[in-house]
Amino acid sequence: MNLEIPKKFKGIQNFATIAAKTIFRPISRKYDVEEHTYPVELDLFAAGLNGMNDGSEGSIGGASSKKEDVSDGQVHNGGNMANCINIQAMCYGDVGLLLSIPGQGLGNSAISAVANTEQLKRFSKTWAAMAITEPNCGSDSSAITTTARKEGDFYYLNGEKIFITSGERANAVVVWATLDKEIGKAAIKSFVVEKGTPGMQLVRLEKKLGIRASDTAAIVFTECKVPAENLLGSPEIDIKKGFGGVMETFDNTRPFVASMANGVAEAAIERTKELLQDKINLDYKTPINNVKSVEAEIYKMEAEYEAARLLTLKAAWMADNRKPNSLEASICKAKAARITNQLTLKCVELCSSLGYSYNELLEKWARDSKILDIFEGTQQIQQLIIARRLLRKSSAELK
Amino acid sequence: MVKEEKKRGKKSDLPYATYFEYYNQFLDSKFAKTLNLRKLSERFVYEGTKNGIKVANAASKVFKSNSKKPERLDPQKNTDLFDLNYSDEQKMIQQTIQQFAVKMRNAAEKIDDVFTIDESLWNEFNELQLGYLQVPEVFGGMMKEKSTTTQMMMVEELAYGDLGQALAFFTRHSVLNAIVNFGSDGQQADLIPAFLQENPAIASIAINEPTPLFSPYELSTKAEKKENVYVINGIKNIVPLANKSAYFLLAAETNDKGIQLFIVDKNSKGLSVNPERTMGLNAAEMCELTLKNVEVDSSAMLGGTDGIAYNEFIDYCKLGWCALAVGCCQAVLDYVIPYANDRYAFGEPISNRQAVAFMIADVKIELESMRILTQRAAAKAEQGLDFEKEVYLAHVLCAEKCMQIGSNGVQLLGGHGFVRDFPVERWYRDLRAVSIAVNGVHL
């Protein structure tokens with residue numbers, strides 16, 4: 001049994017940490033203040049990344065989770081774990097900027113999870129955003145109302161999508177739409193809609209509480225004409241398989257979102273300890289009830305953070321070894337997101353008005369962290385998934 | 001579920017039959033064969049009966065050093081890969097203990113009432129001969145390398161059966177671990193063999209003192225060096241199985257070597273042992289020890305003349321308490337799931353309600369958090385790495401979350417949770433000890 005990060009990933013971890021410190025942190029506040037301004041610094045960075053990713057085991061960002069052969073009976077530490085380590089290190093720099101790295105959209109994860117070989121190749125250089133949420137449907141993605149109507153070799157999309165991360169900047173958007181509203185979940189398919197497709201209109205960019213460096217778009221589709229070969233996976237409506245296909249994307253990405261939270265948590269704890277260094281003495285020996293209140297808070301935050309970090313690595317390790325990890329993926333997402341939100345707020349409090357001021361990044365991290373407990377499945381949705389699994393309940397029984 | 005309960009009840013009517021069934025399975029396993037357990041155990045059963053009686057006084061004397069280096073287990077090598085799998089051997093041991101834990105669970109309610117584990121269960125536990133999984137080969141055990149994760153897993157599985165009994169059963173094995181980890185050559189040679197006998201010695205670790213805001217690093221128990229002896233004065237409490245122990249590993253602040261542990265014979269002059277009722281852990285037969293000018297030879301200081309790094313000793317104790325907490329909280333989770341599914345209110349199972357279901361989800365989330373921090377600390381310890389920070393954080397988390405889980409366990413059963421027909425109120429009382437106790441367990 002070993003729970004340390006393997007040496008072979010130290011290289012990527014170090015690289016990502018250096019990038020976080022030298023590229024992300026210096027521009028972190030700038031793009032927080034100048035919301036909707038494109039962070040041009042990331043172009044150069046992304047170009048370097050793409051070169052590097054072609055040959056490495058795990059890529060940076062959420063794009064690829066290459067399927068490796070693990071049938072040899074040995075333990076594997078592979079792409080999922082590398083990704084988690086990377087993402088955490090990057091988000092230790094800035095989570096909003098990580099979400100803005102060109103070519104690393106959530107849509108890319110969807111493509112790699114459900115696309116066929118031809119599509120994988122065709123979209124390999126595409127930066128794809130993800131469009132699921134609608135004004136009247138969030139967590140309940142089976143209730144989406146955007147429709148896709150087939151005519152000849154094209155699908156015609158109609159509907160409105162909101163909260164699309166990088167929706168303006170990406171080259172394409174993966175859109176969830178239903179082939180037949182009556183059939184429900186099984187009829188939901190995802191379509192790659194390339195930028196500039198007639199009938200696709202960007203209606204606004206949201207102003208947000210945090211992750212302001214990342215653009216969040218609302219897009220309206222009106223008789224938007226998409227080539228039939230852009231439907232990801234099978235065009236057939238398979239009632240049995242139903243939602244499985246599209247939901248696979250989330251099993252893959254929940255540990256990555258947990259890693260984002262872990263990066264923010266790590267940054268906040270580290271900075272808080274620096275600012276408090278003359279006021280605290282952490283010996284990791286004295287019982288927690290016998291230390292100063294501020295020291296006790298820091299111990300608790302570190303314990304929670306370590307638990308979240310290790311639970312995330314566990315979920316990734318299971319994925320790398322082809323163990324079903326849907327439960328563990330939800331556990332790490334639920335844990336990491338909620339403790340990061342709580343502890344970043346606590347760090348602001350502990351550092352008083354210094355923490356509240358724009359002179360430090362603590363208040364920014366406390367704003368950024370809230371979204372992590374919302375997107376890719378809210379805290380409550382994760383609890384539902386976990387509870388249904390433990391109690392063996394269907395979604396009809398445990399609503 | 002009711003059916004299963006009955007089945008189990010039937011089985012326990014013939015405890016020995018079922019016991020031998022699985023014990024023989026264990027002996028016949030690949031694991032036992034590889035390690036030659038059957039041969040070893042047969043030999044020691046014989047030698048045990050031959051020499052078994054003189055154990056009790058082993059501690060009262062001078063521990064002669066042959067100026068040899070004490071035997072220490074080598075750090076476990078690892079492949080540098082992140083890996084949460086137990087080895088095949090570990091899984092084998094885990095199964096064996098899980099089977100025993102079923103008996104612990106069945107006996108728990110009665111033991112909680114009568115404040116002692118009955119002899120037949122003790123005998124069954126002794127026959128597991130867990131000592132072989134701790135003792136270095138030189139002394140007739142099976143071990144070459146440290147196996148902290150195995151110890152953690154064993155304690156966790158025992159606590160899944162019952163926390164109080166787990167503490168009682170593992171009290172002696174904790175002292176054995178401490179002697180393997182920290183004893184001088186003379187102490188090891190004198191004390192270790194008794195742990196491999198058929199009916200091994202019982203000994204207990206005594207660190208806690210009856211004072212608010214107790215810290216193991218601020219002791220009122222003092223040991224004053226006078227020529228060849230230390231004179232010890234003070235009070236220790238919540239010492240498990242103190243009345244059954246032959247000796248104690250007892251912490252005291254010396255006037256020359258900081259805080260150290262002493263091997264103190266139970267029959268020492270000036271030492272009195274008094275039973276003490278506590279909120280829970282009844283199976284562990286807690287006692288208070290009063291020491292008035294108790295003299296021990298200076299060679300009875302754990303580790304010999306230089307003593308030991310006391311903080312490391314404490315770290316292994318905390319690790320043990322984390323493992324106990326994890327095991328008991330798993331028991332809570334596995335109990336509330338079927339309860340919430342079977343219990344109807346307003347025409348449907350209460351688990352159909354988010355207020356109930358989310359509580360159970362949270363129990364799972366925090367239990368896994370406790371477990372993974374405990375595993376990390378144990379894995380580092382096993383590899384011979386510094387694990388002070390890891391075990392501290394694991395203990396901070398376990399202390400807080402296990403009580404939350406214990407409390408929610410009662411809450412989820414409502415009024416039933418409050419009555420003693422159901423085990424959750426016992427777990428609630430037992431789990432309160434996790435953030436308090438240092439005594440008794442050492443991995």
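Okay, so the contact between the chains: chain B puts in 37 residues and chain A puts in 39. Keep in mind that this is a predicted model. On the chain B side, helix H10 (310-342), helix H11 (354-382) and helix H12 (388-413) each supply at least two residues. H11(B) has the largest share of that side, with 13 residues. And the make-up of the chain B side? We get 20 nonpolar residues, 10 polar and seven charged.

Staying with chain B for a second, have a look at B:Phe346. Phi there is near 55°, a positive value in a residue other than glycine. You'll find B:Phe346 in the loop between strand S8 (344-345) and strand S9 (348-349) of chain B. Buried or exposed, then? B:Phe346 counts as exposed, because it has 8 C-beta neighbours inside 10 Å, and the cut-off for exposed is 12 or fewer.

Over to chain A. The domain assignment there gives domain 1 (7-111), domain 2 (127-230) and domain 3 (244-391). Where domain 1 of chain A meets domain 3 of chain A, the contact takes 27 residues from domain 1 and 24 from domain 3. On the domain 1 side, helix H1 (10-33), helix H3 (79-93), helix H4 (95-100) and helix H5 (106-114) of chain A each bring at least two residues. H3(A) gives the most, with 11. That side splits into 13 nonpolar, 12 polar and two charged residues.

Last one: A:His36, in the loop between H1 and helix H2 (41-53) of chain A. Phi of A:His36 is near 80°, so positive again without being a glycine. A:His36 counts as partly exposed, because it has 13 C-beta neighbours inside 10 Å.

Methods:
Residues numbered from 1 in each chain as written. Chains lettered and ligands numbered in written order. Predicted model: local features only at pLDDT ≥ 70, side-chain atom pairs only at ≥ 80, totals over all residues. Domains from an automatic or database assignment. Contact = placed C-beta atoms within 7 Å. Helix = DSSP H or I, 4+ residues; strand = E, 2+ residues; numbered from the N terminus. Nonpolar A, V, L, I, M, F, W, Y, C, P; charged D, E, K, R; others polar. Buried ≥ 20, exposed ≤ 12 C-beta atoms within 10 Å, placed from the backbone.
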